[in-house]
Amino acid sequence: MSEVDYCVVGAGFAGLTAALRLKQAGHSVALLEARDRVGGRTFTEYLPDGTWIDRGGAWIGPGQDRIYALMDEFGVSEYKQHHDGDAMMIVDGKKHRYGGTIPWTMSPWAVANLGVGLLSIEKMAKSLPREAPWDAKQADEWDRISVGEWIEQSTMSKAAREMLDMALAGTYTSAGSETSLLWCLAQMGSGGGPTFVISGKGGAQDARPVGGMGAIYGRIVAELGESLHLSQPVRQIAQDADGVTVGAADLTVRARRAIVAVPLAIASSIVYEPMLPVDRALLHQRMPSGAVIKTSIVYDEPFWRSDGLSGQSAAPGTPATLTIDACTDTGEPGIMCVITEGPAARRLTKLNEAERRATLVGELVDRFGEKARTPREYHEQNWTTERYSGGGMISHAPTGVLTEFGYTLREPCGRVHWAGTESSAVMCGWIDGAIRSGERAAMEVREAETAAVV
């Protein structure tokens, strides 16, 4: 049995940051990760030619101060996302090229509906208390209806409904009918509102770390050294009056406290002794992840740039729900990222790899021309089937969950503490939120031990 001050479960950015801050404070720590790699819902692959691809979370933006602080700490620089050129929106098979955030070339009625919908979400989101959205005056009302129901009630244009569903529910890689309006408002409000969420320049897709997310987590791994233990899925966490015993695949750790920093759906696979309080246990059951496939298609050059396109496109409900220029800081080779979300991702998963490739390349040819037909490489990451991710890039709350169980997101259960981007009141759902949660949990366990001594 290994004995340490603290045990952290899960080596995504939340767990990595918690373990890092504890070790930097002079404590012994064991970080247990089920996978044979770190990064959690981020995953940087380095190709033989030195090119790197982010198979998971990749982008950063203004207001995400904690990831920027971590980058400064380890000397990782940023580069701006390529935004020059027109974006493209495909609705009912018709392509609309436009500049900015809103597809102004569509019918004025659809554009007006879309704009009003986004403004309404922005206004409602700003009315919520970030730390406790379930206490808002209209929390019960907003938690009773889904995002899909609200869109149907508030939007008259079919095109605007489709775009709003993609912009709002698509964030949670689920259908609008599966996600509570209150959760959508709380999550988007934690980042400043829907404009930030869907924007490139000045928004959530403003920039990327040079070298990908792996350039950050690789340096954390180097600092943690032997504190990190890979291929150690945690099976049980037992706590008593003096500490916790964490049982993994072939390693047992004894510590004063544990921080669980895995997706909510995965946290339910751990056996807790004694059992968790009923509301926390029910939260694990009721906050699933969605479905998302992130595909990086590599070309010799980013040909769309010379054609006056930014590479950003959106087509609600299609196999290529979103595309975005994913080139590295050098600009070559050309990397087009295709993101397939929600029901479209579930449908795509039913095809074999060759069929999926043909389908997605065909979508790119339709949008960007014949130059898209012959990629030199194809890299697919189906997060939907990732055993230790539980689905999409963020968990979501269906109707009724947040007002009933949301208060347990950060509340410790005895000597078991919680981290993960979904538990962050600021930048919930982003890597920055995961880092914030890890730092909060690290401080929490230290303060709890200090209070116990006093």
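Biologist: In what order do the five strands of the open sheet lie?

Modeller: This is a predicted model. In it, five strands form an open sheet with mixed pairing. The strands at its edges are β1 (2-3) and β15 (271-273), each of which pairs on one side only. Read across the sheet, the order is β1-β13-β12-β11-β15.

Biologist: In which sense do β1 and strand β13 pair?

Modeller: Strand β13 covers residues 252-255, and two bridges join β1 to β13. In one of the pairings between these strands, S2 has V253 of β13 as its bridge partner. The sense of the pairing between β1 and β13 is parallel.

Biologist: How are helices α1 and α2 oriented to each other?

Modeller: Two packed helices are described by the angle between their axes and the distance between the axes. Helix α1 (residues 13-24) and helix α2 (residues 65-74) have axes that come within 13 Å and cross at roughly 55 degrees. Angles from 65 to 115 degrees count as roughly perpendicular and those under 35 as roughly parallel. The crossing of α1 and α2 fits neither class, and the two helices are therefore oblique.

Biologist: Which residues of α2 meet α1?

Modeller: On the side of α1, the residues are F13, T17, L20, R21 and Q24. The residues of this contact divide into four nonpolar, two polar and three charged. Their partners in α2 are R66, L70, E73 and F74.

Biologist: What is the handedness of the crossing in which α2 passes α9?

Modeller: Helix α9 spans residues 214-224, and its axis lies 10 Å from that of α2, at an angle of about 60 degrees. That angle makes α2 oblique to α9. The crossing of α2 past α9 is left-handed.

Biologist: How many residues in the contact of α2 with α9 are nonpolar, polar and charged?

Modeller: Helix α2 contributes I67, L70, M71 and F74, while α9 contributes I216, R219, I220 and E223. Arg and Glu count as charged, whereas Ile, Leu, Met and Phe count as nonpolar. The division is six nonpolar, no polar and two charged.

Biologist: How many residues apart are K80 and D206?

Modeller: Side chains of opposite charge can pair when their charged atoms come close. The structure holds 31 salt bridges, and one of them joins the side chains of K80 and D206 at 2.5 Å, N to O. K80 belongs to strand β6 (residues 78-80), and D206 to the loop between α8 (194-198) and β9 (207-209). The pair thus links distant parts of the chain, and the separation is 126 residues.

Key: Residues numbered from 1 in each chain as written. Predicted model: local features only at pLDDT ≥ 70, side-chain atom pairs only at ≥ 80, totals over all residues. Heavy atoms only, no water. Axes fitted to C-alpha atoms, helices over the stretch in contact; angles between N-to-C directions. Helix = DSSP H or I, 4+ residues; strand = E, 2+ residues; numbered from the N terminus. Parallel < 35°, antiparallel > 145°, perpendicular 65-115°, else oblique. Contact = heavy atoms within 4.5 Å. Pairing = 2+ DSSP bridges. Salt bridge = Lys/Arg side-chain N within 4 Å of Asp/Glu carboxyl O. Left-handed = near helix turned anticlockwise from the far one by under 90°.
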